[in-house]
Amino acid sequence: MRLATWNINSIRMRVPAVLDWLQRTQPDVLGLQETKVTDDLFPGDALAEIGYSSVFVGGKTYNGVALISKEPATDVRIEYPLADIPEPRLISAVYGGIRVYSAYFPNGRDPESEHFQTKLAWIDALGQLVFAEAQEGGGSPTPMALMGDFNVAPEPRDVYNPELMEGRIHFTAEERAALERLRERGLVDAFRLVNEEPGIFSWWDYRQGMFRRNLGLRIDHVYTTADLAARTTGAYVDKDERRKPSPSDHAPVVVDFDVSAA
DNA sequence: ATGGTGGGTTACCCA
């Protein structure tokens with residue numbers, strides 16, 4: 001099973017890029033963030049023409065998330081407001097018995113701002129929600145893949161200059177601790193199970209030639225429950241996509257799982 | 001410390 005996550009920074013600006021990428025990459029499920037489109041204008045028809053079905057929730061100008069899949073989604077949940085943030089930042093659905101989330105974590109803006117505290121509260125509320133959903137029904141927990149733009153670089157090897165970035169937005173101790181709490185509860189950074197090198201990033205600021213100089217952050221993640229993580233077979237960031245004309249500021253992150261005997 | 005770039009029902013916007 002191939003899962004992918006991509007902050008697309010306007011789906012309408014990049015319909016041809018998404019169609020081309022899907023056809024070349026063939027993910028089973030792609031989570032998109034920052035679709036920046038109302039539901040009536042989501043390009044579901046163009047995706048359906050290449051064999052992908054879509055579920056989505058969005059709004060004008062900001063935010064918006066979607067799940068694009070080969071097999072139709074079941075038990076779709078549009079999950080907001082979360083922690084009192086009334087923005088479409090979370091959607092999930094079940095594919096092959098796995099609940100897959102596309103999540104757009106709040107940016108936080110500045111560690112001194114109220115938006116930063118709201119971000120931390122949102123992450124903790126997300127943790128409460130996903131584990132509660134996994135336990136529904138009382139039997140064995142539903143396997144899960146929580147993927148999206150987390151807006152947090154979890155470790156020093158995930159930022160281009162740990163000393164410079166320490167304490168700045170996306171790399172504060174508080175944000176790292178919030179992700180650590182997700183991992184302590186059983187989620188695993190599947191990417192890092194198979195790809196341990198430093199200097200692998202998923203986002204580069206549009207400004208100051210940051211991409212050209214490879215000054216970025218790894219803030220887009222695929223966190224899975226341990227049962228699924230144990231089946232991780234590969235992971236990569238599709239940096240070529242960020243090189244193209246008019247790219248999103250994020251590159252797609254792809255993680256493969258062998259679920260054949262699951 | 002600032003601003004650079006780029007998205008979008010172009011805003012004292014947000015990333």
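Is N214 buried, partly exposed or exposed? Select N214 to begin: the residue is partly exposed, with a relative accessible area of 25%. Here buried means under 20% relative accessible area, exposed means over 50%, and partly exposed lies in between (1.4 Å probe, protein chains only).

The model is predicted, so local features need pLDDT of at least 70 and side-chain atom pairs count only at pLDDT 80 or more, while totals for chains, interfaces and linings use all residues. Residues are numbered from 1 along each chain as its sequence is written, chains are lettered from A and ligands numbered from 1 in the order in which they are written, and side-chain values use heavy atoms, with hydrogens and water left out.

**Stop 1: backbone angles**

N214 is found in the loop between helix 6 and strand 10. Helices (H or I, at least four residues) and strands (E, at least two) are DSSP runs, numbered from the N terminus. The phi angle of N214 is near 50°, a positive value in a residue other than glycine. Next, select N151, in the loop between strand 8 (144-149) and helix 4 (162-165). Its phi is also positive, near 55°, and N151 counts as buried at 5% relative accessibility. Most residues other than glycine have a negative phi, and most peptide bonds are trans.

Now select Y80 and P81, which are joined by a cis peptide bond with omega about 0°. P81 lies in the loop between strand 5 and strand 6 (90-95).

**Stop 2: a nonpolar patch**

Keep Y80 selected and add V76 and I78: these residues make a nonpolar surface patch of about 240 Å². Patches are made of residues with over 30% relative accessible area and no salt bridge; like charges are joined within 9 Å, and nonpolar side chains (Val, Leu, Ile, Met, Phe, Trp, Tyr) within 5 Å. Accessible areas come from the Shrake-Rupley method with a 1.4 Å probe, and for residues only the protein chains shown count as cover. V76 belongs to strand 5 (residues 74-78) and is partly exposed, at a relative accessible area of 37%.

**Stop 3: D158 and its partners**

Which residue forms a salt bridge with D158? Select R218: the closest N and O atoms of this pair are 2.7 Å apart. A salt bridge is a side-chain nitrogen of Lys or Arg within 4 Å of a carboxyl oxygen of Asp or Glu. The pair links distant parts of the chain, 60 residues apart, with D158 in the loop between strand 8 and helix 4 and R218 in the loop between helix 6 and strand 10. Both D158 and R218 are buried.

Add R192, in helix 6 (residues 190-194). Its side chain makes a polar contact with the side chain of D158 at 2.7 Å. A polar contact is a pair of N or O atoms within 3.5 Å; within protein, one must be able to donate a hydrogen and the other to accept it, and residues adjacent in sequence count only if both atoms are side-chain atoms. The side chain of R192 also reaches the backbone oxygen of N195 at 2.9 Å. R192 is buried, at 6% relative accessibility.

**Stop 4: S202**

Select S202, in the loop between helix 6 and strand 10 (220-225). S202 is buried, with a relative accessible area of 0%. Its side chain makes a polar contact with the side chain of D220 at 2.6 Å, and a polar atom of the S202 side chain lies 3.1 Å from the backbone nitrogen of I219.

**Stop 5: between helices**

Select D124 and R181, which form a salt bridge with the closest N and O atoms 3.1 Å apart. D124 lies in helix 3 (residues 114-134) and R181 in helix 5, so the pair ties together parts that are 57 residues apart in sequence. D124 is partly exposed at 31% relative accessible area, and R181 is partly exposed at 34%.

**Stop 6: DNA strand B**

Finally, display DNA strand B. Of the 16 residues around this strand, S10, K60, T61, R207 and Q208 come nearest. A residue is near a molecule or strand if one of its heavy atoms lies within 4 Å of it. A polar backbone atom of T61 is 2.7 Å from a phosphate oxygen of DNA strand B. For R12, an N or O atom of the side chain is 3.1 Å from a phosphate oxygen of DNA strand B. At Y62, an N or O atom of the side chain is 3.3 Å from a base oxygen of DNA strand B.
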